[in-house]
Structure formats: C-alpha cells, structure tokens
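Open the model in your viewer and keep the selection box at hand. Each stop of this tour says what to select next and what is there.

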Amino acid sequence: MAPGRQQPVYGLHPAELFHYSHKYRVVICTICHYAIPRPGIAWHLKELHHFLNPCDRRPYLDFVAKLDLCEPDQVARPSGTGNDFPVPELPVYDGLQCGLKGCSYLCTSEKRLKNHWATAHPALGVCQQDLNSHRVPVQTFFRGNKLSYFSGPLETTTSSLHPKPALNPMPFLKPALSSKKAYPFHTTPSSSASLYGKVVTVLDATPSLAGESTNLHHETVPSCDTDTLSLLQHYQASTSKTIDPGTHTPNDNSLWGEVIFQIAHEHKFLLHGILALTCLHLAYLNPVPRTRNKYLIKASEHQGKAMPLFRKALAKPNDNNCHAILVFCCLLIPYTFASEQQDELFLTSKQHGNEADIVPTWLYFIRNGCIMLSEYWDLVEDGPCESLAKCWDAAFETGTPQQTAYLNSLHGIMAAASSEHAWSEQVCAAYLVAAKELATAFACSRSDLENYTTWDALRVWPTRMSMDFTKLLHDLHPAALILLAHYAILLEPIEVKWYFEGRATKLLKTISQKLDPYWHFALPHM
C-alpha cells in the first residue's frame, strides 16, 4: 500500500458502504455520512476510499447503477414534522436561520448569514448587527454546490451535534466531511488560525531545517543537504518570481518567494513540490542534455516523495495544513506542464474510464482534489495565501456584449454543419453548455488583460467543463476539438511562462491534425 493512503474498505459489501434511502432516492456513504450524486460515485471510491483498481470499484458502481436515484436538486426535503427529522444516516449540525419573517434561509456560518442579509435584504435599511437569527439544528444530503440545508425539531441532546460544514464557494469542488469529534450545540471548535495570520516571518534562503517547527502542530521538516539548500536558494531567488501570484497582485513576488517559502518549511509535501518545480526550472535553463537530465531525474524524485504526503494531507485537512494543500494544488499546474506529463490535448489524459481516470492530474486535483478544503475555505481566504485563494473564487463577468458575440459565433459553427456532418442531440447539448462557459471565459479574459495570469487562463473554462464534454474531448469529437481550439486563444498570453512556452501554438497545431478537414473552417487563427 502506497505511503499516506488509508486502508481501503474492501471488506464492506456495496450495500454496507452505500445506504440507499428509498424515501429520498439518494445513496449515502455510511463512512462519510453524506449523499453522493451518481456521477460522483467512481471518484468517491477512488479518491476517498482508495479503490485504485477499476475492478475493485466495479461491484460498487454496478450496485449504484441499479438504484433509482434522484437528481440532487430534485430530492425531497423532510417536512420537519412527525418523525422524518433528523434523517438517521446524516449528521446534525449547529445551524443558523435568518430571523426575518417569511425568510427560511439556513446556514452554519455567521459570515454566510451576514452575506445573506446584505444580498437578500438590502432594502430594509436595518443594520446587520441588529438583525435577529435563530439557532436551529440542520442537515444536508449533499455537499459542495449541491449543499442545501433543511431543519426540523430535534429531541436528541445537544452534544450529539457535529461541527459545521462550511459552504464551498468553488462550484467545481465537491466537499467531503473530515472525521472530527462532535462538539456541543452552539459551540465552535477551537482554531489555530492565528498561527497563519497576515504577518509571516520570512525565512533565510539557507535556513537550518534540523530544528523544531515554529508550530508544534505542524510536521517537522528534516535537515537538508547542500544540494537541497542550493535548490531552495534558486527557488527563492528565481523560480518563485516566475509563478503568478493571486488576484489583484500581479507584481507581488512576496507570496511565492516569502510567504509560501515559509509554509513549505512546515509541510514536507509542499517543500518537495517546490523542489521538484525548481529542478524543472533549472532543467529549462540548462539545455545541455547531461545537466538537463540530472535535474529532470531530481524533479521526478522530489515529486515522487511529495504526492503520497500530499494525498495523506488531503485525507485529513486541518487548520494548519489547509493553506499548504491549496498551494500544492496550484503548484501541480506549472509542474505538470513543465514536465510534459499532460496529454497533447491538454485537458484529457490517455487513460480510459470515468472522470477519475480521464481527467489530467492537475485538473483533477483543482476540480476535485481540494474537496476537503471546503470546510476550511473561510480560513484559507483570510490566511496568508488569501490572494491565491481568491483568484479561484473571483466572480465571473456574465451578460456582457462580448460574451454574447462570442457565443453567437460558436453557435454559428454548429448551425453551419451539413446534414452529413450533423451532431447528435446529446453532443449538441454538451457543446452548447461548453460554448456558453467558453464565451464567459472570453469575456472574463478581456475584462483585465493587464493582470491576466495563469490562474485566469485555467480557472474559468477547464474547471467548469461537464463530464459529457470531457468524454467528447477524450474521444476526439469535432465538437470538443473545435471549442478546445478556440480556448487555445486564451492560453496564448501565458506562453511567455517558461513552463507553458509554446503550448497554445502546439495545441492548435495538434487539433488541426486530428480534426476532420471538413471542420477546419471553424478553427481560429492565432
């Protein structure tokens, strides 16, 4: 068993791992205690319960395939009367209900409640501090963008309530409940967030790593040899300056060079990740084959050490490691491109199977690998990596004339097809959804060209692609290849980055070679 992985639950029968509720037509994981939509079952098995072999996942997938499941937004809520609340298989949380008459808004965070007051009741003219709220027990079937609380009378003792699960602002992440002990009703678990406050002491480029960590709750990074210290010097002096900072800080080198540099010394997986990327940077700067190969080998060694530790951290996120997890997810992007590990079509892998198999590593972790951070997102946004977190959570600009123009042109491509090359109804539906998201990406990219970063190029369209469209892309369908070719235009500005050099041009060339010549009229010109 690989280091950092939990023991798979192979001993459980499918009906023991997945409880099927006939009343609500949902399947609930009996270990994680929340419902899982049908498309997310394979990912849940692979990443949370570590069924790495597709054959091991098959009995569970076959079991769920036979069930009559409701779509998440169509699941009936308990009425709140009688004996239907609480739902036995779901945890009960300490919740808040808006106190304004006629409003049934529920949440588990005072911050979310204040945001609700500001957006849903702005015309009342009442200070938010004077608005009332009620403490109520709440439950939710799903997590992430499907999270929806419901409430009802509770006769159990208050000590049976669980700590709150925070709403995930990143719609492409699907949160999961980490195992924590229950806390009394109306009580918030203690936090060591202050240890990651705004003020971060910068470490010297050649620190002594043999001593204890500055925080006893952090892991202690072992001492480094001369070669490793040399790599760290290069990272802080050079490599860190090549990585885009977060939103609204286009020229801020302190995030990667100072703040993240210190965080890495408290989390071994991030330290190895930084060393791996630094080795790739040195390989890029030293094209002589012997020297280049030496650094490529070192990069692979450090990344090999980082990944199992990263997976272990993902399995048990906490107040201390949540910042490092976010950073490592972002670090995977330049590493994957620089090491040329991604498929030539950029947004798919060469494997076959479900989402857990065909989505490339960097996109997989950005979309799903950070699921555990949902519970800590408020802390991450208020922490030392605030700007990096907010670049993934920035609002999308919609309804602009530019977006409408882009969308009309993309619709025109589909309409121009002859009957001989017409697409199926299912393909057209996936194309239209993806085209709408791509038009949004174009509009967003043109709204602030001066501060356009790697994260901007990657966050809008790839992270919002549907699984249906991803499969079309994996199968090299013309509908998917055409939109990917147009997306290459958005990648052109970041070709100046050493880890993305020439990628957009190469991507468009590859698509041109794979696409049926009939559809070449639809390709953009860069």
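The stops below follow the chain from the first sheet to a buried histidine.

**Before you start**

This is a predicted model, in which local features need pLDDT of at least 70 and side-chain atom pairs count only at pLDDT 80 or more, while totals for chains, interfaces and linings use all residues. Residues are numbered from 1 along each chain as its sequence is written, and side-chain values use heavy atoms, with hydrogens and water left out.

Helices (H or I, at least four residues) and strands (E, at least two) are DSSP runs, numbered from the N terminus. Two strands pair if DSSP finds at least two bridges between them. Strands of a sheet pair through backbone hydrogen bonds, either parallel or antiparallel.

**Stop 1: the three-stranded sheet**

Select residues 18-21, 26-29 and 34-35. These are β1, β2 and β3. They form an open sheet in the order β1-β2-β3, with antiparallel pairing. β1 and β3 stand at the edges with a single partner strand each, so one side of each has no neighbour in the sheet. Between β2 and β3 there are two bridges, and I28 stands opposite A35 of β3.

Add residues 41-48, which are helix α2. Helix α2 packs on the sheet and touches β1, β2 and β3; contact means heavy atoms within 4.5 Å. The direction of α2 makes about 150° with that of β1. Axes are lines fitted to C-alpha atoms, for helices over the stretch in contact, and angles run from 0 to 180 degrees between N-to-C directions.

**Stop 2: unusual backbone angles**

Most residues other than glycine have a negative phi, and most peptide bonds are trans. Now select R25, in the loop between β1 and β2. R25 is not a glycine, yet its phi is positive, about 55°. Then select H33, in the loop between β2 and β3. H33 is not a glycine either, and its phi is positive at about 65°.

Are R25 and H33 buried or exposed? R25 is partly exposed, with a relative accessible area of 31%, and H33 is partly exposed at 32%. Buried means under 20% relative accessible area, exposed over 50%, and partly exposed in between (1.4 Å probe, protein chains only).

Move on to F85 and P86, where the peptide bond from F85 to P86 is cis, with omega near 0°. P86 sits in the loop between α3 (54-65) and β4 (93-98).

**Stop 3: the four-stranded sheet**

Select β4 along with β5 (106-107), β6 (133-140) and β7 (149-151). The four strands form an open, antiparallel sheet in the order β5-β4-β6-β7. Here β5 and β7 are the edge strands, each with a single partner, so one side of each is left without a neighbour in the sheet.

β4 and β6 pair over six bridges. L96 has R135 in β6 as its bridge partner, and D94 stands opposite P137 in β6. β6 and β7 are joined by three bridges; the partner of Q139 in β7 is F150. Add helix α4 (110-120), which lies across β4, β5 and β6 and runs at about 15° to β4.

**Stop 4: two packed helices**

Select α8 (289-315) and α9 (322-338), which pack at an angle of about 145° with their axes 11 Å apart. Show side chains: among the contact residues are A299, M307 and F310 of α8, and F328, L332 and Y335 of α9.

**Stop 5: a buried helix and a buried histidine**

Select α6 (254-264). Nine of its eleven residues are buried, so α6 is largely enclosed by the rest of the structure. The buried residues include W256, G257 and F261. The buried residues of α6 pack against α5 (226-237), α7 (268-285), α9, α13 (386-391) and α16 (454-459).

Finish at H281, in helix α7. H281 counts as buried, at 4% relative accessibility. Which residues does H281 touch, not counting those up to four places away in sequence? H281 touches H234, S238, T239, T242 and W498. Select R292 as well: eleven residues along the chain from H281, its C-alpha atom is 9.8 Å from that of H281.
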